[in-house]
Amino acid sequence: MGGNTTFVGVDRRARLMGKSLTIGTLVLLLSVLYLSLIELLAPRFDMSGPPVGHMLATVLIAILVVPLRNRLGIAINRLLRHEWQSSQDLLREFGIALSRTLDPIGLHGILTVELARRLRLQSATIWMLEPPHDHVFVTLSPARDTPSAALLADGATARQIATTPYYLMATDLPSADLAPFMARQVRLIIPLRVGDRLIGMYGCGAPQSGSLYSERTIDVLLRLAPAAASALENARAYSTIARLNHELRTLDQLKDEFIQSVGHELRTPLTSLSLAVQLLARQPNMPPPLAQVTRTSVAQLQALVDRVLEFDLQISPPAKGRHISIAPVELAPLLEEIVSWYAPIAAAKGVRFLMHVPSGLAAWGHTDSLRRALHEVVDNAVRYGDSGTVTLATALNDGLAVVSITDEGPGIPHHERERVFETFYRGSSTRALAATPGAGLGLSIARRDIEALGGRIWLKHSDTSGSTVCVALRAAPALCAPELQEQERAVGA
């Protein structure tokens, strides 16, 4: 098409008016230019002999007449009506718009509203192969499609359109299948393909002027069809993603309702059980160690229910350092508190604690969050060890306060180590993991809390002799003495 003026979709009288203005302006401009050239060249070349100046002026005018006519035509058409564009400009404009559009509603506005207006069509309709099953073509519009406008993807009409190389008229289709097209006043149908696969079709209503589509209108539609097909495929993917997101939100809501319901139902019997344990502990024939273990077990079960509910409410961790009051937290008293809490359970299992915790070492953090995270790690160490030692150690390393918790449990298989901090993940091949109840939340909660404090938690070592989990936070400078006094203490069996 080059840069030639094409008057896309304009009626004949408007086209003649534009041509008349172009020719009149061109004649006037060439006449003025010719006379100016004669005035300039004739005195120099026509002093005596042949009229060389007149010939040079004529040659220059002949060279300039075609480009001047094209430029004048484009300028006059754009001046008279914005819609009068060259095909090249129109294709470029809509190609850019289609490449930037993913939303089906936006695609509907570009192809069936704006393009139809610019091509001066009475209406336009676009059918899309509906994901995910691709069994039917539906019209692309802000309102939901009606059943009468649906076309079967494997029907005779779709097969005929798929085998059409360029376009076809609606009257070429079987009369029994014309209802969806007649309902939308479609007369011309352009197949939209990705490769050899038909994914949609573009239906044009009648021209606003006249009864026949101009050759240039059809040419623009055919050249724009590949870009429209690509945009339609993107819109199909967008619709699929939107549907999946909706389903995920629905499932997430159902999960929240389920967790809240189960948590509520569990809290009532747990409260009754806790009261019963307190009454039993007051009986003279109840051994104190057994009473302590029973109370601790009920408290752990209550903590587990609260943990699941809290994790559901705070599944998205806050940004590092935000919405959390950060302050120096001394590690020795905190670890002492945690060890004393787990001491009865550890003693009942034959597990003892060994602490290498220097006094004075502190980390920047939040006491409740750090306590909860370390509780989860210690709980894992005690839970999966039938005997042996759980060692808690702290150290100052390159400006970081590092806490390491080492157990003598069965260890974690190599292929599962990358997933131990994932939510609801529990090892499948370790004997202790398979035999010990749990929800797979402990380490994921610990990671969430530590990362929210700007720290890091990782599995440093694991084999059949045990595992080591490390937690690192920024050390609090004010409480970091140059020489930290280490205290070693054994607790438990």
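Colleague: In this predicted model, what makes the largest nonpolar core a core, and which of its residues touch the most other members?

Modeller: A nonpolar core is a set of buried nonpolar residues joined through side-chain atoms within 4.5 Å, and the largest such set here has 41 residues, of which Phe353, Leu370, Leu374, Val378, Leu392, Ile405 and Ile457 touch the most other members. Helix 9 (331–349), helix 10 (367–383), strand 11 (400–406) and helix 12 (442–452) are among the elements that give two or more residues to this core, and helix 9 provides the largest share, nine residues.

Colleague: With which residues is Ile405 in contact, leaving aside its neighbours within four places in sequence?

Modeller: Contact requires heavy atoms within 4.5 Å, and Ile405 has such contacts with Leu374, Val377, Val378, Ala381, Val390, Thr391, Leu392, Ser467, Thr468 and Val469. Apart from this core lies another, of 32 residues, which includes Ile190, Ile218, Val220 and Leu224.

Colleague: Why is helix 12 described as largely enclosed by the rest of the structure?

Modeller: A residue is called buried when its relative accessible area is under 20%, and because nine of the 11 residues of helix 12 are buried, the helix is largely enclosed by the rest of the structure. Those buried residues are Gly442, Leu443, Ser444, Ile445, Ala446, Arg448, Asp449, Ile450 and Ala452. After helix 12 comes Gly454, with a positive phi near 85°.

Colleague: Why do Cys204 and Cys470 count as buried, and how many disulfides are there?

Modeller: The cut-off is again under 20%; Cys204 has a relative accessibility of 0% and therefore counts as buried, and Cys470, with a relative accessible area of 2%, is buried as well. A disulfide would need a pair of cysteine sulfur atoms within 2.5 Å, and by that rule the count is zero.

Colleague: How many cavities are there of 30 Å³ or more, and what volume does the second largest have?

Modeller: The count is four cavities of 30 Å³ or more, and the second largest, with a volume of about 50 Å³, belongs among them by that threshold. Its lining is formed by Leu111, Leu115, Ile190, Leu192, Tyr202, Leu221, Leu224, Ala225 and Ala228. Helix 4 (104–118), strand 5 (188–194) and helix 7 (215–281) are the elements that give two or more residues to that lining, and helix 7 gives the most, with four.

Colleague: What kinds of residue, nonpolar, polar or charged, make up the lining of the second largest cavity?

Modeller: The lining of the second largest cavity has nine nonpolar residues, no polar ones and no charged ones; Leu, Ile, Ala and Tyr are among the types that count as nonpolar.

Technical notes. Residues are numbered from 1 along each chain as its sequence is written. This is a predicted model: local features need pLDDT of at least 70, side-chain atom pairs count only at pLDDT 80 or more; totals for chains, interfaces and linings use all residues. Side-chain values use heavy atoms; hydrogens and water are left out. Buried means under 20% relative accessible area, exposed over 50%, partly exposed in between (1.4 Å probe, protein chains only). On a 1 Å grid over the protein atoms alone, a cavity is a set of points where a 1.4 Å probe fits but cannot get out, and a pocket is an open set with protein on both sides within 12 Å along at least five of seven lines; lining residues have an atom within 4 Å of a point. Grid points are joined across faces, edges and corners, and a volume is the space filled by probe spheres set on the points.
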